[in-house]
Amino acid sequence: QEYTARGKQSITTIEIVIAYHLPPKDRVTGYDAMLAIERTVVASLQTSSWGALNPRLASLTPVRSARQPGPDGWIWLVITFSALHYTL
């Protein structure tokens, strides 16, 4: 933690998990669609109005993403963000 004029700076790790089912007949197209969803989630969070809702949030940065296989054609998208925020 670091102290600034606005208070202490803290970093929190946020994970978003999305369950996605790959269609059994066209896995390539389904995988492409899944990657598009992942890009949309990251872009939406980065361009959202988090600052207006919570003025203590300084930045939200994607750190990594992982794709974990689940049962019966399901894939878990795990997107990890680092949130820099101020606490009093």
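In this predicted model, I79 lies in strand 4. The relative accessibility of I79 is 1%, so this residue counts as buried. Setting aside neighbours within four places in sequence, the contacts of I79 are I14, E15, I16, I18, E38, V41, V42, R64 and S65. The C-alpha atom of I79 is also separated by 6.5 Å from that of V17, although these positions lie 62 residues apart along the chain in the sense of sequence separation.

I79 is among the residues with the most contacts inside the largest nonpolar core, together with I18, M34, V41, L45, L60 and F81. This core has 14 residues. At least two of them are supplied by each of strand 2, helix 1 (27–47), strand 3 (57–69) and strand 4 (74–87). The most is given by strand 4, which contributes five residues. In soluble globular proteins, nonpolar side chains tend to be buried together.

Another of the core residues with the most contacts, M34, touches Y20, R67, I75 and L77 when residues up to four places away in sequence are not counted.

E38, one of the contacts of I79, is located in helix 1. With a relative accessibility of 8%, E38 falls under the 20% limit and therefore counts as buried. Beyond the neighbours within four places in sequence, E38 is in contact with S65, R67, L77 and I79. R67 and L77 are also touched by M34, while S65 is also in contact with I79.

On the surface, V17, W74 and W76 form a nonpolar patch. Their accessible area together is about 280 Å². V17 belongs to strand 2 (residues 7–21) and has a relative accessible area of 53%, so V17 is exposed. The two tryptophans of the patch are partly exposed, with a relative accessibility of 34% for W74 and a relative accessible area of 31% for W76.

The structure holds one aromatic pair. The pair is made by W74 and W76, whose ring centres are 6.4 Å apart and whose planes stand at 20°; because planes under 30 degrees apart count as stacked, this pair is stacked. W74 and W76 thus appear both in the aromatic pair and in the surface patch with V17.

Terms used: Residues are numbered from 1 along each chain as its sequence is written. This is a predicted model: local features need pLDDT of at least 70, side-chain atom pairs count only at pLDDT 80 or more; totals for chains, interfaces and linings use all residues. Side-chain values use heavy atoms; hydrogens and water are left out. Rings of Phe, Tyr and Trp (its six-membered ring) pair if their centres lie within 6.5 Å; planes under 30 degrees apart count as stacked, over 60 as edge-to-face and the rest as tilted. Buried means under 20% relative accessible area, exposed over 50%, partly exposed in between (1.4 Å probe, protein chains only). Patches are made of residues with over 30% relative accessible area and no salt bridge: like charges are joined within 9 Å, nonpolar side chains (Val, Leu, Ile, Met, Phe, Trp, Tyr) within 5 Å. Accessible areas come from the Shrake-Rupley method with a 1.4 Å probe; for residues, only the protein chains shown count as cover. A salt bridge is a side-chain nitrogen of Lys or Arg within 4 Å of a carboxyl oxygen of Asp or Glu. Helices (H or I, at least four residues) and strands (E, at least two) are DSSP runs, numbered from the N terminus. A nonpolar core is a set of buried Ala, Val, Leu, Ile, Met, Phe, Trp, Tyr and Cys residues joined through side-chain atoms within 4.5 Å. Contact means heavy atoms within 4.5 Å.
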